[in-house]
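Q: Please take a close look at the largest cavity. Which residues line the largest cavity, and of what class are they? Please also set the cavity beside the nonpolar core and the largest pocket.

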Amino acid sequence: MTAAPVIGIVGSAGAYGRWLRCFFEQRMGLAVIGHDPADPGSDTPEQLLARADVLIFSTPIRHTTAVIAEYTARSAGRERGRLWLDVTSVKEGPVAALLASQAEVAGLHPMTAPPKTPTLKGRVVVVCEERVEVWRPWLQTLLNALDGQYVRTTPAHHDRVMALVQAMVHAAHLGQAGVLRSFAGELGPPADL
């Protein structure tokens, strides 16, 4: 672990990847490198594996587990002594993929879209510390700098709660649609609303 680690972001051209780059460079004063297939000028995966002390996976959730597995295979043990994180909205698959590496591992879920503010102040962030030893003080420094409200849990518990929350939101939308449909004769079709 170094006091000023090089940060690597996989998915650096995405909304969260861009926000994370600004956060690490501007708020923490750290060097950031990144790879994203959408940015032909980005660093290569090999450059991230060679240089990044902390590697953050900020990729579309449908690809995250496979991308982590690809980086683990490419790294072939070089990740030992480094910290790998993900910032996805589900935790079991990505964290399991991270644990297949030899890196120290934590899963993060900021419960917000990338903010327009420089930190996550006042926003809930779920933290799943799965294998963090040497990097624990730096991870705490990161969390302090992010300034969020932290909930620590396991990946399995996180995913069960998120499934329930998302089902409740869906059920509420169905209820709203039913109310609007019942007033369609009086107010007009949805396009008129």
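A: The account below begins with the cavity and then turns to the core and the pocket. The model is a predicted one.

A search of the whole structure finds 1 cavity of 30 Å³ or more, and the volume of the largest cavity is about 90 Å³. Its lining is made up of Y16, W19, L20, F24, I56, L85, V87, L108, P110, L120, L142 and L146. By class, this lining has 12 nonpolar residues, with no polar and no charged ones. Helix α1 gives the most to the lining of the cavity, with 4 residues. The elements that each supply at least two residues are α1, β5 and α5.

Several names in the cavity lining recur in the description of the core. The largest nonpolar core has 27 residues, and those with the most contacts inside it are I7, F24, L85, W138 and L142. At least two residues of this core come from each of β1 (7–10), α1, β3 (54–57), β4, β5, β6 (124–131) and α5 (136–146). In soluble globular proteins, nonpolar side chains tend to be buried together.

L85 merits separate attention. This residue lines the largest cavity and is among those with the most contacts inside the largest core. Leaving aside residues up to four places away in sequence, L85 touches V54, L55, I56, F57, L98, A106, L108, L139 and L142. One of these contacts, L98, is a buried residue of helix α4 (residues 92–99), as are P94, V95 and A97. Viewed down the axis of α4, the buried residues fall within an arc of 160°, so they line one face of the helix.

The largest pocket provides a contrast in its lining. Its space amounts to about 440 Å³, and 25 residues line it, with V10, G11, S58, T59 and P60 lying nearest its centre. The lining of the pocket comprises 12 nonpolar, 10 polar and 3 charged residues, whereas that of the cavity has no polar and no charged residues. Each of α1 (15–27), α3 (61–75) and β5 (104–110) supplies at least two residues of the pocket lining, and α3 gives the most, with 5 residues. Thus α1 and β5 each supply at least two residues to the lining of the pocket and at least two to that of the cavity.

Conventions: Residues numbered from 1 in each chain as written. Predicted model: local features only at pLDDT ≥ 70, side-chain atom pairs only at ≥ 80, totals over all residues. Heavy atoms only, no water. 1 Å grid on protein atoms, 1.4 Å probe; cavity = no way out; pocket = protein on both sides within 12 Å on 5 of 7 lines; lining within 4 Å. Points joined across faces, edges and corners; volume = space filled by probe spheres on them. Nonpolar A, V, L, I, M, F, W, Y, C, P; charged D, E, K, R; others polar. Core = buried A, V, L, I, M, F, W, Y, C linked by side-chain atoms within 4.5 Å. Buried < 20%, exposed > 50% of the residue type's maximum accessible area, 1.4 Å probe, protein only. Contact = heavy atoms within 4.5 Å. Arc of directions from axis to C-beta.
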